[in-house]
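Morning, everyone. I have one structure to walk through, starting with the overall layout and ending at the ligand. Here it is.

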Amino acid sequence: MKEQLRSIEAKAQEAISNVADLKALDDLRVRFLGKKGELTAILKQMGKLSAEERPAMGQLANQVRSTLEGLIADKTAALQAAAQNARLAAETLDITMPGTKPPVGRLHPLQIVENEVREIFLGMGFSVADGPEVEYDYYNFEALNLPPDHPARDTQDTFYITDNILLRTQTSSVQVHVMETQKPPIRVISPGRVYRSDAVDATHSPLFHQIEGLVIDKGITMADLKGTLELLMQRLYGDDCKIRLRPHHFPFTEPSAEVDVMCFQCMGKGCRMCKNEGYIELLGAGMVHPWVLENSGIDSSAYSGFAFGLGLERIVMRRYNISDMRLLFENDMRFLEQFRG
Ligand code: PHE
């Protein structure tokens with residue numbers, strides 16, 4: 001029996017040292033130490049031994065069992081470590097390898113200049129008002145002295161949702177919302193998108209941007225309008241920038257003016273850039289028409305005000321010397337990458 005135990009021990013030792021995976025190792029454990037295993041089979045024959053032989057044999061059997069258990073435990077640990085190392089090697093992550101830089105976006109030139117204009121007006125004590133782009137006819141036209149058959153509507157044809165609801169053609173609609181909800185003194189600007197059914201060319205787009213301004217208080221005059229716009233243009237284009245007001249007509253301001261800024265290329269002398277005018281038109285403005293004040297519930301005998309609407313695209317194009325408005329809407333990265341806000 002002693003020889004049998006020794007031979008099992010040797011066989012098992014050899015088999016365990018040669019085993020290459022955990023599954024095969026477990027099979028060996030069952031084969032040698034399991035309930036129906038080889039060692040157990042020997043132990044079952046202990047009863048045949050004499051009382052003198054039995055303790056020594058029992059001790060040897062236990063010794064073999066614990067030796068084999070120890071070997072199996074060591075081998076298990078070794079195989080697990082090897083498996084872990086193999087997995088780590090396969091999953092290697094080289095943290096020193098340079099990564100792929102995600103493309104970082106930047107502000108659109110329209111947004112850069114809009115932010116600048118906002119800052120300039122915030123510095124003058126204006127706040128910013130927002131208004132809907134999908135608008136009632138009333139706010140876009142009627143409350144601004146443009147009744148249904150007014151000829152000036154022809155120049156602002158737009159996209160209609162229903163007969164009564166349209167895409168706003170001008171941010172002047174926000175003037176009415178503001179006057180309906182705020183009491184004078186009022187000092188707001190309102191930047192946003194506007195729409196007209198214009199064909200696309202170098203200076204027209206069916207979608208463009210305006211920044212509206214509205215000031216209403218006691219004793220506001222055209223001088224306040226001119227001073228405010230002059231300051232704006234000097235902040236945008238430099239202290240020697242000059243503006244010029246030309247008489248014009250808007251149904252919702254009286255008197256009205258178009259405001260031009262002096263051409264930087266020729267300093268007012270006339271060149272190709274300004275089509276020999278010396279000045280470039282940038283915005284419409286005027287004193288808020290008393291009817292518009294009254295329409296929105298403001299007493300026109302006590303209050304007066306000025307309003308202006310400036311075309312953001314024009315300012316941006318002047319600012320960066322861009323000759324074709326389409327560039328602003330094509331989302332060509334080669335173009336957009338050139339601007340930093
Ligand atoms: N809304 C006018 C336009 O789009 C501009 C304007 C605004 C004129 C405010 C006067 C006062 O042409």
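The protein chain splits into two domains: domain 1 covers 2-90, and domain 2 covers 109-336. Keep in mind that this is a predicted model. How many Å separate the centres of domain 1 and domain 2? The answer is 92 Å, taken over C-alpha atoms.

Now the overall dimensions. Along the principal axes, the C-alpha atoms fill a box of roughly 130 × 45 × 35 Å. On secondary structure, we have eleven helices and nine strands in the protein chain. The radius of gyration comes out at 44 Å, and the globule rule gives 20 Å for 341 residues. The 44 Å figure is well over that, so the chain is more spread out than a compact globule.

Next, the sheet. Seven strands form an open sheet, and the pairing is mixed. Reading across, the order is β1-β4-β5-β9-β8-β7-β6. Which strands stand at the edges? They are β1, residues 127-128, and β6, residues 243-250. Each has a single partner strand, so one side of each is left without a neighbour in the sheet. As a reminder, strands of a sheet pair through backbone hydrogen bonds, either parallel or antiparallel. Take β4, residues 186-195: this strand pairs with β5 in the antiparallel sense, over ten bridges. To pick out one bridge, P191 has I211 of β5 as its partner.

A few backbone details for anyone setting up calculations. There is a cis peptide bond from P184 to P185, with omega near 0 degrees. P185 sits in the loop between α7 and β4. Another cis peptide bond joins E254 and P255, where omega is about -5 degrees. P255 belongs to strand β7, residues 253-262. Then there is N145. Its phi is near 70 degrees, a positive value in a residue other than glycine. You will find N145 in the loop between α6 (137-140) and β3 (165-167).

On to the ligand. What surrounds it? The shell has 14 residues, and the closest are Q170, S172, R196, Q210 and G309. By class, the shell divides into five nonpolar, seven polar and two charged residues.

Three polar contacts are worth pulling up on screen. From S172, an N or O atom of the side chain is 2.8 Å from a nitrogen atom of the ligand. In R196, a polar side-chain atom lies 2.9 Å from a ligand oxygen atom. For Q210, a polar side-chain atom is 2.8 Å from an oxygen atom of the ligand.

How much of the ligand does the protein cover? On its own, the ligand has 330 Å² of accessible area, and the protein covers 92% of that. Four elements give two or more residues to the shell: α7 (172-181), β5 (207-217), β8 (279-288) and β9 (304-311). Which of them gives the most? That is β9, with three residues.

So, back to the picture on the screen. Strands β5, β9 and β8 follow one another in the sheet order, and these three strands are also among the elements that give two or more residues to the ligand shell. That's it from me. Over to you.

Key:
Residues are numbered from 1 along each chain as its sequence is written. This is a predicted model: local features need pLDDT of at least 70, side-chain atom pairs count only at pLDDT 80 or more; totals for chains, interfaces and linings use all residues. Side-chain values use heavy atoms; hydrogens and water are left out. A residue is near a molecule or strand if one of its heavy atoms lies within 4 Å of it. A polar contact is a pair of N or O atoms within 3.5 Å; within protein, one must be able to donate a hydrogen and the other to accept it, and residues adjacent in sequence count only if both atoms are side-chain atoms. Accessible areas come from the Shrake-Rupley method with a 1.4 Å probe; for residues, only the protein chains shown count as cover. Ala, Val, Leu, Ile, Met, Phe, Trp, Tyr, Cys and Pro count as nonpolar, Asp, Glu, Lys and Arg as charged, and the others, Gly among them, as polar. Domain bounds come from an automatic or database domain assignment. Two strands pair if DSSP finds at least two bridges between them. The radius of gyration is taken over C-alpha atoms; the globule rule is 2.2 Å times the number of residues to the power 0.38.
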